[in-house]
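Q: Could you take me on a close look at one helix and how long it is? After that, I would love to see how other parts of the model fit into the picture.

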Amino acid sequence: MNTIRGIAAAEGIAIGTAWVLPHIDAEDEQGEGAEAAAEPERQKLKLQQTLERVRQDLEKVYEQAQAKHGDGTAKIVKGQILMTKDRSWIEGMARLIEEERVSAEFAVKTKVDELIRMFESMDNAYMRERASDVRDLGNRLLMRFKGAAYGGGEPFGGPVVWVANDLPPSLTVALDPDTVQAWITETGGRTSHSSILARSLGIPAVVGAGDLRERIRTGQTLIVDGGSGVVLVDPSPALLREYEEKRRKLAESSSRLARWKDEPTATADGKRIALQANIGHADEASEASRQGAEGIGLFRSEFLFMHRDDFPAEDEQLAAYRKSVESMDGKPVTIRTLDIGGDKELPYLQVPKELNPFLGYRAIRLCLDRPRLFLTQLRAILRASHYGQVRLMLPMICAAEEIREAHRLLQQAREELEREGIAYDPYMKVGIMVETPAAALLMDQFGGMVDFVSIGTNDLVQYTMACDRMNEAVARLYQPYHPAVLRQIRYIAEQAHRHGITVSLCGEWGSEASALPLLIGLGLDAISMSASSILGIRERAASLDSEYCAQLAAAALQCASQEEVLSLLNPSKIQS
Ligand code: PEP
Ligand code: MG
């Protein structure tokens, strides 16, 4: 048995068969080239049949992507379908088979590699991004050569655990949670797209686990413990029994938690705190509602802009926002304006590569520079406000001018809609994310300029600790319990309340049960988290005493290190 450790990305235990997604960059197809020497005609036929089969697979993915996400996302898949019909590309592969006497697999790999290198060397970011679509298609073809579809459960006739470098776009757009029990990836962190997606779908996941394809083979049995970040390869029967028992207990606890679904969230002595959900796609709102969310505290609108080749039009955005609002049945939906940059690239945006993307041209900075792009989104959000309780949230605020300029553009959007006779909610609330120390320290000022604030600890921690949230080498410094972070949260909450506005937290940290007493004690009105964490946190809140939480927070604020704060969180220490 082999134990692999990675980053715990999404809680839950899965026991299943490994499905190692092929990676065209790996060398394992090279050796098959020579075997085919004597039979070019058979190899060319195999190539044609495989291209045809993959085209059929992609047509299905296209339909699913279109139904789920609309034309924009489906376009990526369309591009891949067109490639499977590209005559000159196919002829190039056939020539290689004839002239060099290589196998169909080898010809595909060679020509896909050439294309990837060509795209990767281009100056244009949009064209560079196409390399991952070509890689994705190459992987599909390689898989079909082995007689299986890409990512499905066919070879085993049952559910699988994906083992991949990262989740490729054409797989995630059509993901079937009944077939995919869990995934483990070589790259990524807790806040990367694959982790966020896993949590919102309730699929266990471990990410950033390094060199998986060297250590796991398709068909091996895996235990994935997404809560501790551990993967066991070919476990012993005793371990299988142990984890089956753990899985049973987890299932039991989720049926126990179901009773909290329609309860309000409050401590044992009645102090209320709202628990809301973070979502990335409009579809996730109904699942959030089923999980007892008291609203959407963060709709990351940028996912609507990703994995496509052009900006979504106003009507397309409106449809997505409206869908989320209607699913929440009158509860608030907080739509964050485009937060692109940092780890989230938008290739068609054509911005130069940056040395420090997290300190660079991202989010509100970029939107204010491109007013027409921003106005389109503001109009779509305003229009969605006609259908429910929408709140608009501005990301990455550092300066008062950014808030003023955003308000000015929002006013312009309102006036445009009015002139056009289009309905919107004139009382729609406007807030900011507090993700930078600059915004935190100026909360006495900013609190008077907005209707609510939400603390984005994913970024606030990295900017406070000068520690890139994606860089594993400095991961030990990524410390949300650090007193410097806690003091900012305290100050933000105090100043927000002085201005009579609410304060919430929407970083991933909010779903950690051990942080809850501190967060309540620091004075938050709401916490927004992955939907799958809500009921557990609600149950935990009901076991806490608000006076105890306040004392704990006061003590934590006096600590000098995260380590000291963590030792306080052991109740036997604080109460003694
Ligand atoms: C945050 O920074 O905490 C946050 C919620 O925003 P994102 O993770 O999308 O940067
Ligand atoms: Mg952020």
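A: Let's begin with a simple ruler: the expected span of a helix is 1.5 Å times one less than its number of residues. Keep in mind as we go that this is a predicted model.

Try the ruler on helix α4, which covers residues 104–120. With 17 residues, α4 should span 24 Å, and its end C-alpha atoms are 24 Å apart, which agrees. This helix is mostly covered, since 12 of its 17 residues are buried, where buried means under 20% relative accessible area. Among the buried ones are Ala-104, Phe-106, Val-108, Val-112, Leu-115, Ile-116 and Phe-119. The list also holds Glu-105, Lys-109, Lys-111 and Asp-113.

Now carry the ruler to helix α14, residues 400–419. Its 20 residues reach 29 Å from the first C-alpha to the last, close to the expected 28 Å. Here too we can ask which residues are buried: the list includes Ile-403, Ala-406, Leu-409, Leu-410, Ala-413 and Leu-417. A general rule helps you read such a list: an α-helix has 3.6 residues a turn, so residues three or four places apart point the same way. The buried residues of α14 pack against α12, α13, β12, β13 and α16. After the helix comes Gly-421, whose phi is positive, near 70 degrees.

Two of those packing partners lead us onwards. The first stop is α13, the helix that holds Gln-377. Gln-377 counts as buried because its relative accessibility is 1%. Leaving out residues up to four places away in sequence, Gln-377 touches Ser-301, Phe-305, Gln-317, Tyr-321, Arg-336, Thr-337 and Leu-338. Remember Arg-336, as it will come back in a moment.

The second stop is β13, which is followed by a loop that carries Glu-435. Glu-435 and Asp-459 are the protein donors of the magnesium ion (ligand 2), lying 2.0 Å from the ion. Asp-459 sits in helix α17, whereas Glu-435 is in the loop between β13 and α15, so the pair ties together parts that are 24 residues apart in sequence. Both Glu-435 and Asp-459 are buried.

Glu-435 also brings us to ligand 1. This ligand is surrounded by 15 residues, and the closest are Arg-300, Arg-336, Glu-435, Gly-456 and Asn-458. There is Arg-336 again, the residue that Gln-377 touches. Several distances show how oxygen atoms of ligand 1 meet the protein. One such atom is 2.8 Å from a polar backbone atom of Asn-458, and a backbone N or O atom of Gly-456 lies 3.4 Å from an oxygen atom of the ligand. Arg-469 takes part through its side chain, with a polar atom 3.0 Å from an oxygen atom of ligand 1. On its own, ligand 1 has 290 Å² of accessible area, and the protein covers 100% of that.

For a last look at burial, set two serines side by side. Ser-253, in helix α9, has a relative accessible area of 18% and is buried. A polar atom of its side chain lies 3.1 Å from the backbone oxygen of Leu-250. Ser-327, in helix α11, is partly exposed at 24%. Not counting residues up to four places away in sequence, Ser-327 touches Ala-285, Ser-286 and Ser-289.

Note on methods: Residues numbered from 1 in each chain as written. Chains lettered and ligands numbered in written order. Predicted model: local features only at pLDDT ≥ 70, side-chain atom pairs only at ≥ 80, totals over all residues. Heavy atoms only, no water. Donors = N, O, S within 2.8 Å, 3.2 Å for Na, K, Ca; no water. Helix = DSSP H or I, 4+ residues; strand = E, 2+ residues; numbered from the N terminus. Buried < 20%, exposed > 50% of the residue type's maximum accessible area, 1.4 Å probe, protein only. Contact = heavy atoms within 4.5 Å. Near = heavy atom within 4 Å. Polar contact = N/O pair within 3.5 Å; in protein donor to acceptor, adjacent residues only side chain to side chain. Areas by Shrake-Rupley, 256 points an atom, 1.4 Å probe, with all protein chains shown as cover.
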